[in-house]
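Please walk through the model shown below, moving from single residues outward to helices, cores, domains and ligands.

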Amino acid sequence: MSVGRPPAAAAISILIMGAGSVGCYLGGLLAAAGLRVDFVGRPRVLADVRAQGLTVSDLGGGRHHLPAAELHLHDSLPAGLRPAITLLCVKSGATAEAAAQLQASLPAGSLVVSMQNGVGNTERARTAAPALDWRAGMTPFNVAELVPGHFHRGTMGALAMQGSPAEPGLLALQAAFRSQGMGLRLHADLRAVQWGKLLINLNNPVNAMSGLPLRAQLLQRGYRRCFAALQSEALDVLEQAGIEVAAMTPLPPRRLITMLRLPTPLFRMLAARMLKIDAKARSSMADDLALGRPTEIDALCGEVVRFAAGQGGQAPLNARMQALVQAWAQGQQGFYSPHDLQLALGLRAV
Ligand SMILES: NC(=O)C1=CN([C@@H]2O[C@H](COP(=O)(O)OP(=O)(O)OC[C@H]3O[C@@H](n4cnc5c(N)ncnc54)[C@H](OP(=O)(O)O)[C@@H]3O)[C@@H](O)[C@H]2O)C=CC1
Ligand SMILES: CC(C)(CO)C(=O)C(=O)O
């Protein structure tokens, strides 16, 4: 056993369902830690990994290359797999179908963690595949496929999952991630963390509509004001309903909103940690628009709009942002300047 490999690592096997950016990065880290990892993904993604091997890297300089011959790659879910833990890494629109495929193949009671954005995927998966043991998870950082077969983490943060340290499989998973310098926090209830992440993901459509990488977009006050306004509206609705929201940054959500609205020189000074982002990193929604794929807007702004309606209220800014992204999908394409995006959301432009 190589140095840095956790003692329990060899004992558990992992299935990655949806080998895209997040799936290949997480699976690559776990394979580098010595776990058996099976990847199920689309032929167009796996063909590159078969040709180049899998490289995972991060903004701190970490890097592993796994030769293709050492990987277990599948174009569809093979029969007979018995993973200790499955990580569901498909986009929200693909959840129900992937969950049903898992239920058709895995033993009842198999533990599956959704590493997806949004607060509704675990329940969506449970509805489609009630025989499996579904858990919520949270991926805090950005992953981009820099070149075919190379998945790069461009921001920081520790993973989170719903579970207990009394579960040996999750402890082994935690140890494997730790051996690769990646934190994994276990929570009895992940709801507050998921809502906290959703608030951060309200920047995804702003970033996608800007056409810019994340860092460059966050350095423009007009775009930050759009992000802050979407967050503020969502937070108002959640607070009124008594929903707890965990902080995803060193600042609590309200203070983050205040900071986002500051003039750029001040923001740049105070948000140094938040701005530790690779220059090329962009949101997963920007990737979707660039590749002409369905976006997750319904699971982000759409979730806020539905939640508000469920409370007898409204979330008009999130509704407008949802409409802008949907209009893009219907062919009204074109990026927004900070000024135009503020106006399109009905904000006073600065
Ligand atoms: N990318 C990022 O930086 C981050 C993403 N997230 C979240 O993680 C989740 C995954 O995102 P991301 O990795 O970017 O998504 P990707 O689209 O890069 O990867 C998902 C992959 O799974 C494939 N897939 C879908 N259904 C199946 C199936 N039934 N069997 C096999 N493969 C399937 C998809 O193919 P196809 O395209 O054909 O559907 C796609 O290749 C999302 O919820 C996202 O919001 C969270 C944090 C950061
Ligand atoms: C990490 C973050 C917040 C932004 O890249 C993300 O979750 C995404 O791109 O979907």
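Gly137 is found in strand β8, which covers residues 133-138, in what is a predicted model. Because 25 other C-beta atoms lie within 10 Å of it, where 20 or more are needed, Gly137 counts as buried. Leaving aside its neighbours within four places in sequence, Gly137 is in contact with Val113, Ser114 and Met115, and also with Leu159, Ala160 and Met161. Ser284 is 147 residues from Gly137 in sequence, and the C-alpha atoms of the two are 17 Å apart in space.

Ala47 offers another setting to examine, since its place is in helix α2, residues 43-52. With 15 other C-beta atoms within 10 Å, Ala47 is partly exposed, because that status lies between the limit of 12 or fewer for exposed residues and that of 20 or more for buried ones. Asp75, which is 28 residues from Ala47 along the chain, has its C-alpha atom 9.4 Å from that of Ala47.

Both Gly137 and Ala47 can be read against the division of the protein chain into domain 1 (9-189) and domain 2 (193-344). The centres of the two domains, taken over C-alpha atoms, are separated by 25 Å. Where they meet, 19 residues of domain 1 are in contact with 19 residues of domain 2, and the domain 1 side of this meeting comprises 8 nonpolar, 10 polar and 1 charged residues.

The record adds annotations that can be set beside the model. An unreviewed UniProt entry lists residues 14-161 under "domain: Ketopantoate reductase N-terminal"; over that span the chain is 28% helix and 32% strand, and its end C-alpha atoms are 15 Å apart. For "transmembrane region", UniProt lists residues 12-35, again in an unreviewed entry. In the model, residues 12-35 are 50% helix and 21% strand, and the end C-alpha atoms of that span lie 7 Å apart.

The interior comes next. In soluble globular proteins, nonpolar side chains tend to be buried together. The largest nonpolar core here has 62 residues, of which Ile16, Met17, Leu87 and Leu88 touch the most other members. Helix α1 (residues 21-32) gives the largest share of this core, with 8 residues, while domain 1 (9-189) and domain 2 (193-344) each supply at least three residues to it. A second, separate core holds 41 residues, including Leu230, Met285, Val325 and Tyr336. To return to one member of the largest core, Met17 touches Val40, Thr86, Leu87, Leu88, Cys89, Val90, Ala98 and Leu102, if residues up to four places away in sequence are not counted.

Two helices deserve a look for their burial. In helix α6 (residues 191-201), 9 of the 11 residues are buried, so this helix is largely enclosed by the rest of the structure. Among the buried residues of α6 are Trp195, Lys197, Ile200 and Asn201. Helix α7 (residues 203-210) is mostly covered, with 8 of its 8 residues buried, and these include Asn204, Pro205 and Met209. After α7 comes Gly211, whose phi is positive, near 75°.

Where do the two ligands lie with respect to the domains? Ligand 1 lies between domain 1 (9-189) and domain 2 (193-344), because both give residues to the shell around it. That shell has 26 residues, of which Gly18, Gly20, Val22, Gln116 and Asn117 come nearest. Helix α1 and helix α3 (95-105) each supply at least two residues of the shell around ligand 1, and by class the shell divides into 9 nonpolar, 12 polar and 5 charged residues.

Ligand 2 also lies between the domains, since domain 1 (9-189) and domain 2 (193-344) both give residues to its shell. The residues around ligand 2 are Asn117, Phe141, Asn142, Thr155, Ile200, Asn201, Asn204, Leu214, Ser283 and Ser284. By class, the shell around ligand 2 has 3 nonpolar and 7 polar residues, with no charged residues. Several of these names have been met already: Asn117 is listed among those that come nearest to ligand 1, Ile200 and Asn201 are buried in α6, and Asn204 is buried in α7.

Technical notes: Residues numbered from 1 in each chain as written. Chains lettered and ligands numbered in written order. Predicted model: local features only at pLDDT ≥ 70, side-chain atom pairs only at ≥ 80, totals over all residues. Near = placed C-beta within 6 Å. Nonpolar A, V, L, I, M, F, W, Y, C, P; charged D, E, K, R; others polar. Domains from an automatic or database assignment. Core = buried A, V, L, I, M, F, W, Y, C linked by C-beta atoms within 7 Å. Helix = DSSP H or I, 4+ residues; strand = E, 2+ residues; numbered from the N terminus. Contact = placed C-beta atoms within 7 Å. UniProt positions renumbered as here; feature names shortened; annotations may be inferred.
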